Structure formats: structure tokens, C-alpha cells
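Could you take me through the features of this structure one at a time? I would like the general idea behind each, and then the case at hand.

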Amino acid sequence: MIKAVLFDLDGTILDTLPDLNACMNEALRQFGCPPVSMEQSRAFVGHGGKQYAVQALPPEKKKDIDAFYALYLGIHVHWKNDRTKPFPQEKECLAALRGRGLKLAVVTNKSQAAADVLKDTLLKDFGFSAVIGNREGVPVKPDPATAFEALRLLGVSPEDAVFVGDGDTDVQTAKNAGMRGVAVLWGYRTREQLLAAGASVFADTFMQLKDILLHM
């Protein structure tokens, strides 16, 4: 039986897309740029905040990405996240996993500062032993660096852990870290996109995810 589960954050543990879209559009407004749609944000997220910012900027403004990303980060860290919510049956699933002795952690491409805000608010009762985000000098997923960091903190080897996420980067992170992976279908990528990334195990709901994980 596995000993730990690493979870992606955006689109896996929390439905953050409405706030990510609103936050980006506030940054774009302040930068004198047109807004992006919810569907554009859905396509842009998953590869880290800076890549999200790069894709949201119009072509003529991309030369100013460093200034824009700094603006976006400042807004993001202080955002209220009042539109962000957990997914159905999530708390029950996580409680069942903890009840079987599994260690849980979050590994996200969201900035560490923004991840810490969620750790201390919406995630505080979820029982995660660690929440690892992106910091300067640390490569983002699908590089396995942050996954390995989480595993070290949990004291678990890659072969005894599973990476769960909704994105192509999560599928690739599991592979790059030598972990098994489960792709969830309630997030921001389609089954077809996840299949193309190499996913082979899927969960449609948190209850189905629980059953999969408890039999791995």
C-alpha cells in the first residue's frame, strides 16, 4: 500500500479559476491591457504564474513581462479568494485517506506566497503536512524538484507515493519523479489532453479517487 499522496492545487484541490481569472484581469486593467476570458485562463494556467502572465499579456506588452508579473504577484497575494471553493466530496476523501494513515501534501506551481495564503485559510482544515509552491530559483513542474522536496518532508520514497493532479504538468511530474500518477477529470484539462500527456489512471470524482488510492 502507498504511504503518501501529493496533490496539485489549482483545479485539483481547489477550484481557483474564477479568482485566478479575476486577479489576472485586475492586473491587466492596471497595466492598461484588455481582459482575458475564463476559458482563456483555463487554457493558460497550470505552468506557473509567470507563464500565465506571459500568455495573458497582449503581444506588444510581452517585453514588459517582469514588471507585469511583479504587479500580478502583488495583487494575487492579497486577493480575497472569495470565489475559490473545494470540490464535492473532497473533505470526505481526504479524511478517509488520513484515516488509513496516508501522509498528504500539496505541490503547486502557484507562488509560495500565494500558496501560503490558501494554506492558512481554505486549506487549514484539510490535513496537509506540507504545501510546496514555486520560489525563485526552484524549477516549476513538470520538473520533479518540488515533488522531491515534499517527499523528503514526508519521509516517503517516490515508489511509495502517488501524484494526483488535473494537468498535463502533473502527469509529467509523476513520471519525472518516478511516482505513480492519477489524473482527475474535474479540473482544467480534458481527458484527451491528459491522455496525450501520458495519463493512464483517471478519477471522475473524489470518491472514485479515494477508492483508487486505497487500493494502490
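The dialogue below goes through helices, strands, aromatic rings and backbone angles in turn.

Q: Before we start, what kind of model is this?
A: The model is predicted.

Q: Let us begin with a helix. How far apart should the ends of helix 1 be, and what does the model give?
A: The idea is to take the rise of 1.5 Å a residue and compare the expected span with the model. Helix 1 covers residues 17-30, and its 14 residues should span 20 Å. The C-alpha atoms at its ends are 20 Å apart, which agrees.

Q: Is helix 1 largely enclosed or largely open to solvent, and how is that judged?
A: A residue counts as buried when its relative accessible area is under 20%. Ten of the 14 residues of helix 1 are buried, so the helix is largely enclosed by the rest of the structure. Among them are Leu17, Leu20, Ala22, Cys23, Met24, Ala27 and Leu28. The list also includes Asp19, Asn21 and Asn25.

Q: What do the buried residues of helix 1 pack against?
A: They pack against strand 2 (14-15), strand 4, helix 2 (38-44), helix 3 (49-56) and helix 4 (65-77). Just after helix 1, Gly32 takes a positive phi of about 75 degrees.

Q: Now the strands. How do strand 4 and strand 5 run, and how many bridges join them?
A: Strand 4 (residues 103-111) and strand 5 run parallel, joined by four bridges. As one instance, Val106 has Val131 in strand 5 as its bridge partner.

Q: What connects the two strands, and which hand does the unit have?
A: Helix 6 (residues 112-119) forms a β-α-β unit with strand 4 and strand 5, and the unit is right-handed.

Q: In a regular strand, how are the side chains arranged?
A: Side chains in a regular strand alternate between the two faces of the sheet. As for burial here, strand 5 (residues 130-134) is mostly covered, with five of its five residues buried.

Q: Next, aromatic rings. What describes a pair of them?
A: A pair is described by the distance of the ring centres and the angle of the planes. Rings pair here if their centres lie within 6.5 Å, and planes over 60 degrees apart count as edge-to-face. By this rule the count comes to six aromatic pairs. One of these is Phe7 with Phe128, an edge-to-face pair at 6.0 Å centre to centre and 70 degrees between the planes. This pair links distant parts of the chain: Phe7 is in strand 1 (residues 4-7), Phe128 is in the loop between helix 6 and strand 5, and they are 121 residues apart. Phe7 is buried at a relative accessible area of 0%, and Phe128 is buried at 14%.

Q: How are the rings of Tyr52 and Tyr72 set against each other?
A: Tyr52 and Tyr72 form an edge-to-face pair, 5.9 Å centre to centre with 90 degrees between the planes. Tyr52 sits in helix 3 and Tyr72 in helix 4, 20 residues apart. Tyr52 is buried, with a relative accessible area of 2%, and Tyr72 is buried, also with 2%.

Q: Which rings are linked into a cluster?
A: Ring pairs join Phe7, Phe126 and Phe128 into a cluster.

Q: Where does Arg191 lie with respect to Phe202?
A: Arg191 lies over the face of Phe202, at 4.5 Å from the ring centre.

Q: Now the backbone. Which residues does a cis peptide bond join?
A: The bond joins Lys141 and Pro142, with omega about 20 degrees. Pro142 is in the loop between strand 5 and helix 7 (145-154).

Q: What is the phi of Asn81, and where does the residue lie?
A: Asn81 is not a glycine, yet its phi is positive, near 55 degrees. It lies in the loop between helix 4 and strand 3 (85-86). Asn81 counts as buried, at 13% relative accessibility.

Q: And what is the phi of Gln89?
A: Gln89, also not a glycine, has a positive phi of about 70 degrees. Gln89 is in the loop between strand 3 and helix 5 (90-99), and is partly exposed, with a relative accessible area of 37%.

Q: Last, which residues does Tyr69 touch, leaving out those up to four places away in sequence?
A: Tyr69 touches Gly49, Lys50 and Ala53. Tyr69 is in helix 4 and counts as buried at 14% relative accessibility.

Notes. Residues are numbered from 1 along each chain as its sequence is written. This is a predicted model: local features need pLDDT of at least 70, side-chain atom pairs count only at pLDDT 80 or more; totals for chains, interfaces and linings use all residues. Side-chain values use heavy atoms; hydrogens and water are left out. Buried means under 20% relative accessible area, exposed over 50%, partly exposed in between (1.4 Å probe, protein chains only). Two strands pair if DSSP finds at least two bridges between them. A crossover is right-handed if, with the strands pointing away from the viewer, the path from the first strand over the helix to the second runs clockwise. The expected span of a helix is 1.5 Å times one less than its number of residues. Contact means heavy atoms within 4.5 Å. Rings of Phe, Tyr and Trp (its six-membered ring) pair if their centres lie within 6.5 Å; planes under 30 degrees apart count as stacked, over 60 as edge-to-face and the rest as tilted. A charge sits over a ring if NZ of Lys or CZ of Arg is within 6 Å of the ring centre and within 35 degrees of the ring normal.
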